[in-house]
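The following exercises concern a multi-chain structure and are each followed by a worked solution. Please examine the sequence and the structure before reading the solutions.

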Amino acid sequence: MTDIYPTAAAPAPARKRLLPQMPWYVALGMGWIGTMILVALLSELITPFSFTAMDLKYRLVGPFQTLTHPLGTDELGRDVLSRLIVSIRVSLLIAFGATIISAVLGTTLGFLAAHFRGLVEQAVLMLADFQAALPFLILALSVLAFFGNSLPLLIGLMGLYGWERYARIARGLAISASAQGYATAITQLGAQPTRVYLRHILPNIASTLIVSMTLVFPEVILLESGLSFLGLGVQPPMTSLGNMVGYGREYITRAAWIMLAPSTVIVLTTLAVSLVGDWLRDKLDPTLG
Amino acid sequence: MSALLTLDTVAREYVTRKGLLGHRRVVRAVDGVSLQVMPGETLGIVGESGSGKSTMGRMALGLERPDEGSVSFDGAPMPLLGSAAWRGLRKRMQMVFQDPLAALDRRWTVLDQIIEPLTIHGIPGDARAAGLEALAAVGLSRDHGARYPHELSGGQRQRVIIARALITNPDLLVCDEPVSALDVSIQAQVVNLLIDLQKTRGLAMMFISHDLRVVRQISSRVAVMYLGRIVEEGPAAQVFHDPQHPYSRALVSAAPTPGPRRIEQVILTGEPPNPAARPSGCAFHPRCPVATARCRTEVPALVPAGPGRRAACHLIEPAAKVAA
Amino acid sequence: MIRYILTRLFRAMITIALVVTFAFVVLRLSGDPAVIILGPEAPPDAIAAFRKAWGLDQPVWVQYLDYFAAIFRGDLGISMRDGRPAIDLVMERIPATLALTLPALMLKLALGVPAGVYAALHQGTAFDRSVMIGAVFGFAIPSFVLALVLVLIFAVTLGWLPSGGRDTIWHAILPVLTLGAGGAAALARFTRSAMLEVLGRPYIRTASAKGLPWAAVVRGHALPNAAIPTVTLIGFLVGSLIAGAVVVESVFSWPGVGRLLVVAVANRDLAVVQCILLLVAATMVTSNLIVDFLYGALDPRLRHGATAGA
């Protein structure tokens, strides 16, 4: 995950230039995202208990009542804070992994469509239509029904989410880059297509793609937590944010905190990413709808 | 001496669709052009927009495949666009574009872009030093090299393009309207730079422009194009001094020249050339002040018309042809 | 225009064919259905009989064609769990789902469109800002969290409304509210930006410079033009009438198609899952098609120059 983070960040010079005019809520959002990433990276060091450890003396303890379990415990006496930290790690891992897969997949297909045109382009566009025509949740549920469940499959499946947006963007921008001249000029210098696409076109359209990633990322979090909430995503004993909410739902009358803690994290995280994303979009790329 | 570049009766057609029912229409942008460029010479190509001169330039470089005819470079046929052989040939033939800003990647420094061809073709040696040398050769400083394209002026950008085109020491440079996007005051500087570089390096050049003044200054030989065909070709000094084709006469007479005017001003009337609606016979006949009935039906061939000269007009006296 | 309609129809059919192919491929890739259904310890002759009964002993392409043929006959298989035709199981759940999603759609339209238009016309006011904030929250709060919070407030704490089931009209209030609120926020935001874009166009400025009253400019020029993109989103919302309630139906134990899907997925009842998949795809594609035709009617540029963009 460490190698994922720099990719997801905006290009450094652009960000430095824009930092001073950041509104307070965007700064807050960035702070929250930073905290979440830190929590995910350091989860093994900062969890007070193992997330599966049961403490039967403390069952259904409310939050802020004892220092040993600051966010309370669940029915089995498991520490909510520890479970929350591990859940953040799992959910973020899935969301980052899926966002990267979908960006790479979509951009590659978009470039292929732009480069070969003709049949390849038609095929990519048709697949994109297909993807856009079906609600992704239904698609994901069908795949899970047929294939059963595992963490890699789940990440891969989530990685199919949103690829068609990158594909459309990458195709459109690559076509206009070729028409514009610098791509033609570099081809004319004798460069291989891979060089033209990776060294020249990709850096030129990176800001647009990064903005799209900030739009897809919160949706992936919502999707994963929705699936896990339904009991069809991350499977116990593993836990994720949606999973915790699903489990906490059974105790909503007696111990609402079990479900409220992960719900708050989900809402704040998607909120933070979309605020930062909207702001980035306005700053970097006003053309994106 | 054998030609460096040979175009043998090349033609290029574009298919356009118009209207809801997708009516197919074929536009012949270049229609059977034969040309040669000798090593070290500058061939000027003159014509209005729509004359097919840019398409011809792209075919000369192998950027487009002719639908008919063939292109050969240094005695060998032009390899297929995008093939390894085609890519390898790029270090020997380069292009200068009309809009230098569009031809540069705005995210790379100028020096990095100038030395990119060396990386692409895996040419050994100190690329940076070669890049600085190339910058100096086009009259830019080391400091310019560290900048980004948008931090340079139009003339400086075109110098960057020229430096990038020449860094692999090519044999042929195709310039497509290289100065028409620049201020008039800058145009002369860039043209002079090209003339200098051409002389010192023994480059062959194909210089495409609608601007007669510039073409006259730089070319040793010129070809005049009208609607995809060459109507006149010959040594620059002679064609400009004594144009034979009525279209060349009109062009030359319209261009401002120093000294006393030798030919009478001919004013072109009628529609500007439209490749989608090509007139029958000699394509120039609707605008030609001296057209006859024969011009409407019969396409004139490009035939010798004096020493080293060719022209395509029915009205050029067979006697003159014989005298040649 | 005819060409435009034909292209759209063709694309719609291709999409449906792709969905069928997708279902088939996934079905075959997922392993041997005989082993999955009968269990790994089933006797080999039972497995062979099962394979024969389901046509699994045929070559793949024969299975593929059979599969297509069966679907176009309306034969969508038998629920592997309770032995009834999958299509019957799904059809009898549709009224329950529509009972939630139709009122929710009304709620979305009644709240979202006027709020978006009003916010755009009064850009920068407190109302506009609260619409934007509402839209951001509406996106960030997943439906299951919203549902549970509503249950916590209205069912657990206040005890006003039931928390699940489908016995009285009161049972529908919380699910409809959950579905409607989030969608209304998204629709408001979308309508607002569509409207703002139209208001910035030169022809609006021309119309008001001609001296037309502002209300007439809005009614005559801005609203019809802003309707074009908004219709797309509404088409999407209509298309998701069946699929849109998966999570909410599960939270509120509402016996609709969505809940059936979740149960079928958990039980790996493939015939039912595939039936719902096709049904959802068909509704989505049909509503997209209708939107495309509406587009053609609303947008004169498409009516006349259909080839330009296609």
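**Exercise 1. Determine how strands S9 and S10 of chain B are joined, and place them in their sheet.**

Step 1. Strand S9 (residues 221-226) and strand S10 (residues 229-235) of chain B run antiparallel and are linked by six bridges. Helices (H or I, at least four residues) and strands (E, at least two) are DSSP runs, numbered from the N terminus. Two strands pair if DSSP finds at least two bridges between them.

Step 2. Opposite Arg229(B) of S10(B) stands Tyr226(B).

Step 3. The open sheet of chain B has eight strands with mixed pairing, in the order S6-S7-S8-S3-S9-S10-S12-S11. Strand S6 (93-96) and strand S11 (303-304) of chain B are at its edges; each has a single partner strand, so one side of each lacks a neighbour in the sheet.

Step 4. Across S3 (42-46), S7 (172-176), S8 (204-209) and S9 of chain B lies helix H1 (residues 53-60) of chain B, at about 155° to S8(B). Axes are lines fitted to C-alpha atoms, for helices over the stretch in contact, and angles run from 0 to 180 degrees between N-to-C directions.

The model is predicted: local features need pLDDT of at least 70 and side-chain atom pairs count only at pLDDT 80 or more, while totals for chains, interfaces and linings use all residues. Residues are numbered from 1 along each chain as its sequence is written, and chains are lettered from A and ligands numbered from 1 in the order in which they are written.

**Exercise 2. Describe how helices H1 and H4 of chain C cross.**

Step 1. Two packed helices are described by the angle between their axes and the distance between the axes.

Step 2. The axes of H1 (residues 2-29) and H4 (residues 60-72) of chain C come within 11 Å and cross at roughly 135°. H1(C) and H4(C) are therefore oblique to each other (angles under 35 degrees count as roughly parallel, over 145 as roughly antiparallel, 65 to 115 as roughly perpendicular and the rest as oblique).

Step 3. H1(C) contributes Val20(C), Phe24(C) and Arg28(C) to the contact, and H4(C) contributes Val60(C), Tyr64(C), Tyr67(C), Phe68(C) and Ile71(C). Two residues are in contact if their C-beta atoms, placed from the backbone, lie within 7 Å.

Step 4. This contact of H1(C) with H4(C) has seven nonpolar, no polar and one charged residues. Ala, Val, Leu, Ile, Met, Phe, Trp, Tyr, Cys and Pro count as nonpolar, Asp, Glu, Lys and Arg as charged, and the others, Gly among them, as polar.

**Exercise 3. Which element gives the most residues to the side of domain 1 of chain C that touches domain 2 of chain C?**

Step 1. Chain C is divided into domain 1 (2-72) and domain 2 (90-309), with bounds from an automatic or database domain assignment. Their C-alpha centres lie 33 Å apart.

Step 2. Each domain of chain C, domain 1 and domain 2, gives 14 residues to the contact.

Step 3. On the domain 1 side, H1(C) gives the most, with eleven residues. By class, that side has eleven nonpolar, one polar and two charged residues.

**Exercise 4. Characterise the contact of chain A with chain B.**

Step 1. Twelve residues of chain A are in contact with 17 residues of chain B.

Step 2. On the chain A side, H10 (182-188) and H11 (193-229) each give two or more residues; H11(A) has the largest share, four residues.

Step 3. The chain A side divides into five nonpolar, six polar and one charged residues.
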